[in-house]
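Thanks for sharing this one with me. Below are my notes, set out as numbered points so that you can follow them with the viewer open.

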Amino acid sequence: MVVVARNAIGFVIDGPLGPTLVVKPDQLIKRRGKLGLVGINLDLQGVKDWLKDRLMTEAAVGKAKGVLKNFIIEPFVPHKQEEEFYVCVYATREGDHVLFHHEGGVEVGDVDAKALKLLVPVGEKIHEQQVTEQLLTQVPDQKKGVLASFIVGLFSLYEDLYFTYLEINPLVVTQDGVYILDMAAKIDATADYICKVKWGDVEFPPPFGREAYPEEAYIADLDAKSGASLKLTILNPKGRIWTMVAGGGASVVYSDTICDCGGQTYDYAKTILSLMTRDKHPNGKVLIIGGSIANFTNVAATFKGIVRAIKDYQEPLQEHDVTIFVRRGGPNYQEGLRVMGEVGKTTGIPIHVFGTETHMTAIVGMALGHRPIPHEPPSDAHTANFLLNASSNAKTPAATRTASFSEPRITNELCPAKKCKGVPADSLHSILWPLKNAVTSDWKEAQASSGCSGAKATTLFSKHTKTIVWGMQTRAVQGMLDFDYVCSRDEPSVAAMVYPFTGDHKQKFYWGHKEILIPVYKNMADAMKKHPGVDVVISFASLRSAFDSTVEAMQFPQIHTIAIIAEGIPEALTRKMIKMADEKGITIIGPATVGGIKPGCFKIGNTGGMLDNILSSKLYRPGSVAYVSRSGGMSNELNNIISRSTDGVYEGVAIGGDRYPGSTFMDHVLRYQDTPGIKMIVVLGEIGGTEEYKICQGIKEGRITKPVVCWCIGTCATMFSSEVQFGHAGACANQASETAVAKNQALRDAGAYVPKSFDELGDVIKTVYNDLVADGTIVPAEEVPPPTVPMDYSWARELGLIRKPASFMTSICDERGQELIYAGMPITEVFKEEMGIGGVLGLLWFQRRLPRYACQFIEMCLMVTADHGPAVSGAHNTIVCARAGKDLISSLTSGLLTIGDRFGGALDAAAKQFSKAFDSGMLPMEFVNKMKKDGKLIMGIGHRVKSINNPDMRVQILKDFVKQHFPSTQLLDYALDVEKITTSKKPNLILNVDGFIGVAFVDLLRTCGGFTRDEADEFVEIGALNGVFVLGRSMGFIGHYLDQKRLKQGLYRHPWDDISYVLPEHMSM
């Protein structure tokens, strides 16, 4: 439907109004007809009367109550009951389902049970014959053609506009045409960057029953402008309990715990202090500032803004009797907690701070009076203790298995899944899982009988794993190298980096105390070719480029695991990646993940946080417990819980918070089941989806025999009357079976160990672990202290263990050896080859040995730009400075500072302007007209003295040389064509010496054979061409300085008769 207008009282008029009308609320309410919220076959007065009884009144839709404000009015379409049909398209992991029922309308009933279904696998198209044969079996023959055509077109629109759900009921087909009488749809908001032009400005209103607040819109705007993720949901503006939570998973956990304790909740808010101090509560108010253990966020830095806000709102917070509870961990959290504690003391506001020694949700019980508040909570060891190995004598339980330290590299670790004809093994796996035999020996037999010998690797990472990191994520790479070092790996896990926005180069990192270089490649093919041992790719590509870079990575047979960190990849693209990965036997971790970690072996990016957390959670050696989580932040919390309750983590993976993670809970649980070193499994599930039910099935069928401790977060959702979307894209229940409560009960019934709440998760894990120790399944061993690693200055300056990075990097000159080296060429060779000034400039500026004609051209440019008389601004300034008694450097600098677009510095600008016009295919006349229209000067065109009738001989000399020696002069020819147009308008609008050198130099860089096109363009971009003028003219400026000194000229004073004095007339007060 096309919305034409919305009038002041909340009506939407859809199309021209006919004699009979339909009116209904437009507020995300489904099944309005069933609820009696549709007025049909009314005239305009009837619509007005119908609205009088409903406009601005409260209505109940299920558990939700809300005020009816907005209505849609549209023409009534006369039709018969048998002309109503039902059609729906919705997305799932394996493809898009098309549902059709030959009876639509209000009484359609349970369409899931009634409707005929057609699954369109990811990447495939739908055809009219297919629709007719599978969906339209009960439709009259005369309507099959039009319906089949409509459904195919609808599906095409559904794909093109990135819908995830599209339901039409009823769809009316009469002799006059096809009519959509009612429709409900969801689009994938992450596809905004693809569909913005097609969508237009789309508003995402809150669900019925929950009002939209301006503060929510404000935070949404901040979120769009920020690299951070900021979300705000206001459920009850007069509530007592408010939360300011870091992390999508953590926000759900805190909400769950608050509801378990009987309180009201608000989700994350940046403007929370102003909101919570508007209305008083008789019991005072509580602000919970919490989060899991951060992976890379500087906790102290994030607390600075909160501290500032608390100080600004000191009086309102005291007036409203607000108590603040803080629990946080992660990089620099000790300093952050100290600052928060201090602001509590200085402002008089009760602020209780806790670190990783306190269970994440314990502060909720404290805030609500369910547990005592410790006066002096136990504190974890400081970073200094870890670095000094203060705990080396502690008798800490450790793993007896060291397989992950020394295990041989298994074949399927080094090679991808073998390609085979027929159904790929993992595709068969995903097909069979919902069936009865999915978790029995039948599944193995079915897999073997498919003819596929290859499958996804059971072991994703070992102590020998090598990876390529896509993106210039130096901090993440350094964290990986530090982890490698404390795990006593023989060599770094990062073999190379890929960054398309720079040329090939090397990036400096630390390996323990030593500096090393890691190569950075412009394209992935070069990196793969030069590092054949790499089998893992970690992609930090943005959400816009993640799909293309992942697809590219999957083309290389050596890759068996890809981690995608980006959040917000459109679901349709994610499903395509998953399908391709399944076909190739590649495991994808992510999108929207921090990654995963295998203690003692390998970690993905920022997983596990900074080094102090790696050490405190004992992630430098394997334990007995493996976990899988959706949330990256919560995976770090699991590291903390497991390390305190057991002998530690064997492996942990955060599959990501998106609706379709590349790998599922079950994929990893099955890996853990088949890994001998893993003795128990922890799963942190989440509201939304049904993946946890496969774990239930696996336990019941005996495919999973190891103890499984599982908890699904999001139990608080059942307490909300309106639909709630939590922090993760996939954290939303679309049906009762997807709620966290239902899944927790199903897991409990299946035989998994399910705590009563997240608060008790650590206790259950500890109980199960102790039982395994008691029966001899796990034998705790002595802790082996890891090697020390110096931390960066900003994190550990108080320790005195500071490594100072080099202040400079150079790639053009090295004076440390026996002789001076210019870009790899010894100075003796430079003279032996008689390279001249042009050759030396080529080595030092361009890191190339340029052809002889190129060196000659550079020298000619320096000669013709050396000077242009004393009247030009640069020479004038140099002369004035020299006569003022200044030294050579000061006088030269004074002259050089005048160089810019107006004088001398037009080489770069001319090169850029002409190159851009030429490369875009713009005709010379179009270029001239465009610059005139834009009111811009054409750089390099025009001369004060010279003209087409009085040519500049410098330009003529250079032109003759260039035409004779350059392989190609396309840009120069283009500039000369522009000159013909400009000189026809005015004879002095010639291609001057700056413009000529600029365009000719571009031709030289592009055609001499020493540079790629990107390298040539980069040299223009970074100012190399202006360097020619600066270097050449410096010779002339120095000449003028020496000339003035030699002539012993005195202080310069400008004559009065050359100054026009224009003063305002005298004004009396």
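1. Let me start with Leu28, which counts as exposed because its relative accessibility is 55%, above the 50% cut-off for that class. Leu28 sits in the loop between strand 3 (21-25) and strand 4 (39-42). Its backbone deserves a look too: phi of Leu28 is near 60°, a positive value in a residue that is not glycine. Please keep in mind throughout that this is a predicted model.

2. Glu834 gives you another case of positive phi in a residue other than glycine, with a value near 50°. Glu834 belongs to the loop between helix 29 (827-832) and helix 30 (836-846). Is Glu834 buried or exposed? With a relative accessibility of 64%, Glu834 counts as exposed.

3. Moving on to helix 30, the buried residues there are Gly838, Gly839, Val840, Leu841, Gly842, Leu843 and Phe846. Just after helix 30 comes Gln847, where phi is positive once again, at about 55°.

4. Next, the aromatic rings. How many aromatic pairs does a search of the whole structure find? The search returns 18. One of them joins Trp50 and Phe71 in an edge-to-face arrangement, with 6.1 Å from centre to centre and 90° between the planes. This pair links distant parts of the chain, since Trp50 is in helix 1 (residues 44-52) and Phe71 is in strand 7 (residues 71-75), 21 residues apart. Both partners fall under the 20% cut-off for buried residues: Trp50 has a relative accessible area of 11% and is buried, and Phe71 is buried at 0%.

5. Trp845 and Phe846 also form an edge-to-face aromatic pair, with centres 6.3 Å apart and an angle of 65° between the planes. The accessibilities of the partners are worth setting side by side: Trp845 counts as partly exposed at 30%, whereas Phe846 is buried with a relative accessible area of 1%. Which residues do ring pairs link into a cluster with Trp845 and Phe846? The other members are Tyr853, Phe857, Phe966, Phe1001, Phe1011 and Phe1019.

6. A further aromatic residue to check is Tyr333, in helix 11 (residues 333-347). Its relative accessible area is 8%, so Tyr333 is classed as buried. Along the chain, Tyr333 and Phe354 are 21 residues apart, and a distance of 9.9 Å separates their C-alpha atoms.

7. Now for helix packing. Helix 32 (residues 873-883) packs against helix 33 (residues 888-896) at an angle of about 155°, and the axes are 7 Å apart. Angles over 145 degrees count as roughly antiparallel, and helix 32 and helix 33 are therefore roughly antiparallel to each other. Their crossing is right-handed. On the helix 32 side, the contact involves Gly874, Asn877, Thr878, Cys881 and Ala882, which meet Ser890, Ser891, Ser894 and Gly895 of helix 33. The residues of this contact divide into two nonpolar, seven polar and no charged.

8. A second packed pair is made by helix 20 (residues 546-553) and helix 21 (residues 571-584), at an angle of about 5° and with axes 10 Å apart. Why is helix 20 described as roughly parallel to helix 21? That description follows from the angle, because values under 35 degrees count as roughly parallel. Ala546, Phe547, Thr550 and Val551 of helix 20 meet Leu573, Lys576, Met577 and Met580 of helix 21. The contact of helix 20 with helix 21 is made up of six nonpolar residues, one polar and one charged.

9. Finally, please look at two peptide bonds that precede proline. The bond from Asn169 to Pro170 is cis, with omega near 0°, and Pro170 is found in strand 11 (residues 163-174). The bond from Gly590 to Pro591 is cis as well, again with omega near 0°. Pro591 has its place in the loop between strand 24 (587-589) and strand 25 (596-598).

Methods: Residues are numbered from 1 along each chain as its sequence is written. This is a predicted model: local features need pLDDT of at least 70, side-chain atom pairs count only at pLDDT 80 or more; totals for chains, interfaces and linings use all residues. Side-chain values use heavy atoms; hydrogens and water are left out. Helices (H or I, at least four residues) and strands (E, at least two) are DSSP runs, numbered from the N terminus. Buried means under 20% relative accessible area, exposed over 50%, partly exposed in between (1.4 Å probe, protein chains only). Rings of Phe, Tyr and Trp (its six-membered ring) pair if their centres lie within 6.5 Å; planes under 30 degrees apart count as stacked, over 60 as edge-to-face and the rest as tilted. Axes are lines fitted to C-alpha atoms, for helices over the stretch in contact, and angles run from 0 to 180 degrees between N-to-C directions. Angles under 35 degrees count as roughly parallel, over 145 as roughly antiparallel, 65 to 115 as roughly perpendicular and the rest as oblique. A crossing is left-handed if the near helix is turned anticlockwise from the far one by less than a right angle, and right-handed if clockwise. Contact means heavy atoms within 4.5 Å. Ala, Val, Leu, Ile, Met, Phe, Trp, Tyr, Cys and Pro count as nonpolar, Asp, Glu, Lys and Arg as charged, and the others, Gly among them, as polar.
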